[in-house]
Amino acid sequence: MADRRYETLLLIHPEQGDAGCKDLIGRVRGLIEGQGAAISQVQEWGVRELAYTIGRQRRAYHVLFEYRATPAALAEIERNLKLMEPVLRHLSVRQGENAPPAAARFAQAADAPAPRPVREADEPVAEGGETAPMAEGEGV
Amino acid sequence: MARPERSERGRPQRRRGMGRRKVCRFCADKGMLIDHKDGRMLASFLTERGKIIPARVTGTCARHQRHLTNAIKQARTLAMVPYQTVYPQ
């Protein structure tokens, strides 16, 4: 069975502490590799604010795994993640084969300033779209 | 540049109102990717209450609105963006 690119984001209970989180990350890493998957990247985002409380927690430790695995291996990884109590939430998503690896910019806290490309006025698309139909209407 | 004469399919019709034509931000800026991990970007397509803003307001094209909706729903699972916001905070 062909293997596929996946990414999994884990939210870990913050009361685990740094050592507990590292320990859990090691376990998940072992779990993924134990399924014959090849991990390409692990990003630790640290403790971040949640948009709503999960299990009375306002924040959680975020970790992102990127790896190649077979669909059967993913099912087994997901099953084991569900059994891990300190994992508040997890989501595995299939990545496109040519998609760029997850950028580090997501690792920044949500309130940190980040460059956001705002492009509205530098392309004259609007004018082009407005004049064309009018000219056509006059011709007919 | 996106096709500017999209209205050509229907009968030629002058646009009502004086507002500028809305452009899909994802079509205009190819570097802007839709990602469920980018909570800040997704939040700009939500109302204060946490509802998804319709494409007719933001100007997002159908295809990108579809991807955006999926990404927002995934991000809600991960508590990157809210399901709802309760007032008063």
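The exercises below, each with a worked solution, concern a predicted model of a complex.

**Exercise 1.** Determine how the elements of chain A and of chain B follow one another along the sequence.

Solution. Begin by listing the elements of chain A: three helices and four strands are present. Reading from the N terminus, these elements run β-α-β-β-α-β-α. Then turn to chain B, which has four helices and zero strands. Its pattern along the sequence is accordingly written α-α-α-α.

**Exercise 2.** Work out the strand order of the sheet in chain A, and state which strands lie at its edges.

Solution. Step one is the order. The four strands form an open sheet, arranged E2-E3-E1-E4 in chain A, and the pairing is antiparallel. Step two is the edges. Strand E2 (38-54) and strand E4 (87-94) of chain A each pair on one side only, and these are the edge strands. Step three is the twist: ignoring direction, neighbouring strands of the sheet are turned by 20° against each other on average.

**Exercise 3.** Describe the pairing of strand E1 (residues 4-12) of chain A with E4(A) and with E3(A), and decide how far E1(A) is enclosed.

Solution. Take the E4(A) side to begin with. Seven bridges join E1(A) and E4(A) in the antiparallel sense. Within E4(A), Val87(A) is the residue opposite Ile12(A). On the E3(A) side, the pairing with E1(A) is again antiparallel and runs over nine bridges. Here Leu10(A) has Val63(A) of E3(A) as its bridge partner. Finally, consider burial, for which a residue needs 20 or more other C-beta atoms within 10 Å of its own. Seven of the nine residues of E1(A) are buried, so the strand is largely enclosed by the rest of the structure.

**Exercise 4.** Place helix H1 (residues 17-34) of chain A relative to the sheet, and find which elements cover its buried residues.

Solution. H1(A) packs on the sheet, where it touches E1, E2 and strand E3 (57-69) of chain A. The direction of H1(A) makes about 25° with that of E3(A). The cover over the buried residues of H1(A) includes E1, E2, E3 and helix H2 (71-83) of chain A.

**Exercise 5.** Check the length of H1(A) against the expected span, then sort its residues into buried and exposed.

Solution. Length comes before burial here. With 18 residues at 1.5 Å a residue, H1(A) should span 26 Å; the end C-alpha atoms lie 25 Å apart, which agrees. Next, the buried residues in H1(A) are Cys21(A), Leu24(A), Val28(A) and Ile32(A). Viewed down the helix axis, the buried residues of H1(A) fall within an arc of 80°, so they line one face. The spacing fits a general rule: an α-helix has 3.6 residues a turn, so residues three or four places apart point the same way. On the other side of H1(A), the exposed residues are Ala19(A), Asp23(A), Gly26(A), Gly30(A) and Gly34(A). Just past the end of H1(A), Gly36(A) adopts a positive phi of about 80°.

**Exercise 6.** Carry out the analysis for helix H4 (residues 62-77) of chain B, covering its length, its buried residues and what they pack against.

Solution. H4(B) has 16 residues and reaches 23 Å from its first C-alpha to its last, close to the 22 Å expected at 1.5 Å a residue. Its buried residues are Gln65(B), Leu68(B), Ala71(B), Ile72(B), Ala75(B) and Arg76(B). These cover an arc of only 135° around the axis, which puts them on the same side of H4(B). Their packing partners are helix H2 (39-43) and helix H3 (55-58) of chain B. Ala62(B) and Arg63(B), on the other side of H4(B), are exposed. After H4(B) comes Ala79(B), with a positive phi near 60°.

**Exercise 7.** State the burial and the contact range for each chain, and the confidence values that go with the model.

Solution. In chain A, which has 140 residues, 19% are buried. In chain B, 22% of the 89 residues count as buried. For contacts between residues at least 6 apart in sequence, 74% of those in chain A join residues at least 24 apart. The corresponding share in chain B is 66%. As for confidence, chain B has a mean pLDDT of 85, with 80% of its residues at 70 or more. The predictor assigns the complex an ipTM of 0.73 and a pTM of 0.75.

Key. Residues are numbered from 1 along each chain as its sequence is written. Chains are lettered from A and ligands numbered from 1 in the order in which they are written. This is a predicted model: local features need pLDDT of at least 70, side-chain atom pairs count only at pLDDT 80 or more; totals for chains, interfaces and linings use all residues. Two strands pair if DSSP finds at least two bridges between them. Helices (H or I, at least four residues) and strands (E, at least two) are DSSP runs, numbered from the N terminus. Axes are lines fitted to C-alpha atoms, for helices over the stretch in contact, and angles run from 0 to 180 degrees between N-to-C directions. Two residues are in contact if their C-beta atoms, placed from the backbone, lie within 7 Å. pLDDT is the predictor's confidence in each residue, from 0 to 100. A residue is buried if 20 or more other C-beta atoms lie within 10 Å of its own, exposed if 12 or fewer, and partly exposed in between; C-beta atoms are placed from the backbone. The expected span of a helix is 1.5 Å times one less than its number of residues. The arc is that of the directions from the helix axis to the C-beta atoms.
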